[in-house]
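Trainee: Could you take me through one sheet in this model, together with a side chain in one of its loops? I'd like a close look, with the cut-offs spelled out as we go.

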Amino acid sequence: MEIRGLSAILVLSLALTALFSVSVVAEEGEKVLSLDHSNFSEVVGKNDFIVVEFYAPWCGHCTALAPEYEEAALVLSSHDPPIVLAKVDAYEEANRGLATEFQIQGFPTIKILREGGKNIQEYKGPREADGIVDYLKNQVGPPSSAIKSREDAESLIDEKNIFVAGVFPKFAGEEFENFTALAEKLRSDYDFGHTLDAKLLPRGEPVEKPTLRLLKPFDELFVDFQDFQVAAMEKFLKEASIPTVTIFDNNPINHPYVHKFFDNPNAKASLFVNFSKELDSFQSTYKDIAKQSKEKGIVFLLGDLEASDGVFQYYGLEQDQAPLLLIKKPDGQKYLKANIEPAQIAPWLNDYLNGLVKPFIRSEPVPEVNDEPVKVVVTDSLQDMVFNSGKIVLLEFYAPWCGHCTKLAPVLDEVAVFFANDPDIMIAKIDATANDIPSGTFEVQGYPTMYFRSANGDLKQCEGKRTKEDIIDFIQKNRDKSLRMNYEEALPPMRASRSFPQ
């Protein structure tokens with residue numbers, strides 16, 4: 001799974017009494033509204049601007065965000081117009097449809113919904129109360145601010161952040177209209193301003209025709225672009241707003257660029273070193289290589305070991321492997337070179353580009369003893385135990401920290417005991433946080449996720465109730481017909497029960 005990590009608010013166009021009439025819940029003294037599948041569409045549909053946090057009760061990041069989110073909601077409730085924060089428990093079974101609809105792949109995720117939900121944007125602002133307040137106040141104003149003086153420019157443009165300026169001979173015409181449409185579409189990603197005079201901007205020369213000027217605190221500091229088709233401008237901003245080398249450390253100024261790096265669809269090269277001891281010896285070499293590799297579909301990050309504990313844990317790496325260069329391809333395959341030296345980066349990267357480096361596949365050790373009712377599968381045993389066993393397999397992808405997985409564990413034990421005397425069926429589990437999952441075979445976006453493989457090789461995801469009876473019913477109804485007859489003769493009939501969708 002990708003490093004992920006980001007959540008939610010409403011601007012009320014109704015009175016609170018109207019909101020409560022559609023069962024919106026807010027505890028006394030709380031300003032964050034609780035939405036669910038029963039009231040979500042109606043509330044969203046009645047608001048021109050609504051931002052909703054999708055969270056999971058077991059998520060530590062969600063717990064950390066909660067008090068900041070509540071404090072921001074209290075402040076924003078007095079804004080004109082009021083801005084109301086809401087939340088949805090996206091892990092609640094009844095709300096899973098909402099999580100799917102809004103493509104929730106990590107927690108917490110905050111979405112900004114405009115025009116009754118017709119326009120959906122990611123919230124990409126801070127996670128502390130003051131930052132949430134400032135960010136959302138900007139989101140309800142005009143998408144682009146007029147720059148009529150140097151004072152306007154100084155108040156709007158932060159030299160430490162990216163700023164997108166449109167320079168026009170007049171605030172009308174197709175170019176200006178397209179710029180405004182771009183600003184509305186990408187306002188959660190960038191700050192926008194428009195001016196009649198490029199000399200008011202802190203960087204760049206005067207221009208004679210409509211120009212999009214990207215001001216940034218890295219690399220060449222500004223770039224001009226003059227194709228005012230919305231798609232072309234969007235592509236330009238996406239590519240030009242990523243540093244040649246993204247710095248990943250504990251400085252919050254760099255964090256937005258880190259998010260952009262991990263969201264980028266290209267292959268990602270990440271070099272992790274000890275900044276206090278090794279930065280000088282690696283930085284210039286690595287940046288030169290990154291510049292030379294711009295056309296090779298790779299983006300580059302330089303990470304400080306001090307800030308990279310989570311990354312190393314996620315990939316199952318050890319810090320004594322640093323200096324470490326890791327490349328992750330869009331299909332999920334990973335390649336790494338541990339204890340790399342500056343002079344080795346270019347030749348190793350060249351070997352990777354020429355297909356001479358073997359992928360790194362993370363797997364727990366194959367268990368020496370595997371005699372529990374629910375069998376343990378790891379990446380290195382997945383082929384033999386699941387795909388080549390000839391058995392019917394129910395495989396659970398779980399996370400050790402997942403509360404829902406903990407609740408499901410004894411149920412799967414009971415199911416496994418029920419089928420213990422059936423040599424054709426195996427109930428198994430794999431720790432998806434410690435083993436690489438083959439891309440294109442399984443789609444695991446939350447825990448627990450269960451897949452069923454029939455004896456003839458058909459693979460399908462299991463969704464529905466997760467009681468012992470329902471899971472057994474599902475296996476009975478989906479096992480191969482050639483085996484089902486003997487199975488049904490051997491086992492006593494089960495009580496009628498609602499099965500998983502087929």
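Mentor: Let's begin with β18, residues 392-398, which pairs with β19 in the parallel sense over seven bridges. Two strands count as paired if DSSP finds at least two bridges between them, and the elements themselves are DSSP runs numbered from the N terminus (helices: H or I, at least four residues; strands: E, at least two). For a concrete spot to look at, find Leu395, whose bridge partner in β19 is Ala428. This is a predicted model, where local features need pLDDT of at least 70, side-chain atom pairs count only at pLDDT 80 or more, and totals for chains, interfaces and linings use all residues. Residues are numbered from 1 along each chain as its sequence is written, and side-chain values use heavy atoms, with hydrogens and water left out.

Stepping back, β18 and β19 belong to an open sheet of five strands with mixed pairing, in the order β17-β19-β18-β20-β21. The edges are β17 (375-376) and β21 (459-462); each has a single partner strand, so one side of each is left without a neighbour in the sheet.

Now follow the chain out of β19 (425-431) into the loop that leads to β20 (449-453), where you will find Asn435. Is Asn435 buried or exposed? Asn435 is buried, because its relative accessible area is 1%, and buried means under 20% (1.4 Å probe, protein chains only).

The side chain of Asn435 has polar partners in the backbone. One of its polar atoms lies 2.9 Å from the backbone nitrogen of Glu364, and a polar atom of that side chain is also 3.0 Å from the backbone oxygen of Asp431. Both are polar contacts (N or O atoms within 3.5 Å, one able to donate a hydrogen and the other to accept it; residues adjacent in sequence count only if both atoms are side-chain atoms). Asp431 falls within β19, which spans 425-431, so that strand's backbone oxygen at this residue is the one to click on when you check the 3.0 Å pair.

Which residues does Asn435 touch, leaving aside its neighbours within four places in sequence? Arg362, Ser363, Glu364, Val378, Thr379 and Ile430 are in contact with Asn435, with contact meaning heavy atoms within 4.5 Å. Glu364 thus appears in this list as well as in the backbone nitrogen pair.

Methods: Buried < 20%, exposed > 50% of the residue type's maximum accessible area, 1.4 Å probe, protein only.
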